[in-house]
Structures are given as structure tokens and as C-alpha cells.
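Reader: Please give me a close look at the salt bridges here, and then set them against the rest of the fold. I would like to know how each side chain is placed, and how far the coordinates can be trusted.

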Amino acid sequence: MVLTAPKSGGDSGFAVKPAAMHDILEVLARHNPGLSKTALKATGKVMAAISAATAQLTTEQQRKIVSHEDKLAEALGAVVADIASRDGPPP
């Protein structure tokens, strides 16, 4: 899978090759058969963003994250809930 995140500049987005995004969506659809197409696309974008951010970390940082999997799930849940509760577009 090819994910890239910009290292500098004003763009805080990420880029995912179309084939990689197709793979992400295919796996999500297979494991979440009741997910709507809209939710599937949104979830795929979130997964791609997390993957791109993680890919920018050192191997040691990645190991630390994996060793605290429960805390990671809790933190991501809090971030997602916070973003979802905000009104309007991002600043």
C-alpha cells in the first residue's frame, strides 16, 4: 500500500494511491457488510490518514504504539468523537 503525508508546507492532507484506497475499501466492506457506501468511504479515508501518519514515525515509535494498543484505541476514539462533535469546516 502506498500512503504519503507531506513533510512540510501548508497542506496537512495525505495522498493515497487509487489502487491502495481500493484495497482499503475492499477489506472494510468485506469485514463490515452492513456499512453504507458513505460510511465506507469516510472510514477508508480515516484509515488512510492514520496509516499515513503512522508511516511517518520511526520503527521504535511504531513499536511503542503497538505495545499500548488499548490506549491507542481509547485515544483515537476520543479524537474521532471530538472532531465529529465540532460544528463547521476545519479552520
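**Salt bridges and their surroundings**

Author: Arg-86 and Asp-82 meet through their side chains in a salt bridge, with 2.5 Å from N to O; the term stands for a side-chain nitrogen of Lys or Arg within 4 Å of a carboxyl oxygen of Asp or Glu. The model is a predicted one, in which local features need a pLDDT of at least 70 and side-chain atom pairs count only at pLDDT 80 or more, while totals for chains, interfaces and linings use all residues. Residues are numbered from 1 along each chain as its sequence is written, and side-chain values use heavy atoms, with hydrogens and water left out.

Within this pair, Arg-86 counts as exposed because its relative accessible area is 52%, whereas Asp-82, at 36%, is partly exposed. The classes are buried for under 20% relative accessible area, exposed for over 50%, and partly exposed in between, with a 1.4 Å probe and protein chains only.

A search of the whole structure finds two salt bridges, and Arg-63 with Glu-60 forms one of them, the closest N and O atoms being 3.2 Å apart. Both residues belong to helix α3, where they stand three residues apart, about one turn of the helix; helices (H or I, at least four residues) and strands (E, at least two) are DSSP runs, numbered from the N terminus. Arg-63 is exposed because its relative accessible area reaches 52%, and Glu-60, with 42%, is classed as partly exposed. As a general matter, side chains of opposite charge can pair when their charged atoms come close.

Helix α3, which covers residues 59-67, also carries Ile-65, and this residue counts as partly exposed because its relative accessibility is 30%. Ile-65 joins Val-46, Ile-50, Leu-72 and Leu-76 in a nonpolar patch on the surface, with about 330 Å² of accessible area together. Such patches are made of residues with over 30% relative accessible area and no salt bridge, like charges being joined within 9 Å and nonpolar side chains (Val, Leu, Ile, Met, Phe, Trp, Tyr) within 5 Å; accessible areas come from the Shrake-Rupley method with a 1.4 Å probe, and for residues only the protein chains shown count as cover. Helices α2 and α4 (69-85) each give at least two residues to the patch. Ile-50 is placed in helix α2 and is partly exposed because its relative accessibility is 34%; from Ile-50 to Leu-76 there are 26 residues in sequence but 9.5 Å in space, C-alpha to C-alpha.

The loop between α2 and α3 holds Leu-57, which is partly exposed at 29% relative accessibility. Apart from its neighbours within four places in sequence, Leu-57 is in contact (heavy atoms within 4.5 Å) with Gln-62 and Ile-65.

Now to the interior. Of the 91 residues in the protein, 11% are buried, and the largest nonpolar core has seven residues: Val-16, Ala-20, Met-21, Ile-24, Leu-28, Leu-40 and Ala-48. A nonpolar core is a set of buried Ala, Val, Leu, Ile, Met, Phe, Trp, Tyr and Cys residues joined through side-chain atoms within 4.5 Å. At least two residues of this core come from each of α1 (18-31) and α2 (37-55), and α1 gives the largest share, four residues. In soluble globular proteins, nonpolar side chains tend to be buried together. Helix α1 also contains Glu-26, which is partly exposed at 40% relative accessibility and lies 9.4 Å from Gly-44, C-alpha to C-alpha, with their positions 18 residues apart in sequence.

For the whole chain, four helices and two strands follow the pattern β-β-α-α-α-α along the sequence. The protein exposes about 7,200 Å², of which carbon and sulfur atoms supply 61%.

As for trust, the mean pLDDT, the predictor's confidence in each residue from 0 to 100, is 83 for the protein, and 80% of its residues reach 70 or more. Confidence is highest in α3, at 93, and lowest in strand β1 (residues 3-4), at a mean of 46. Over residues 1-12 the pLDDT is below 50, although this stretch has 21 contacts in the model beyond near neighbours in sequence.
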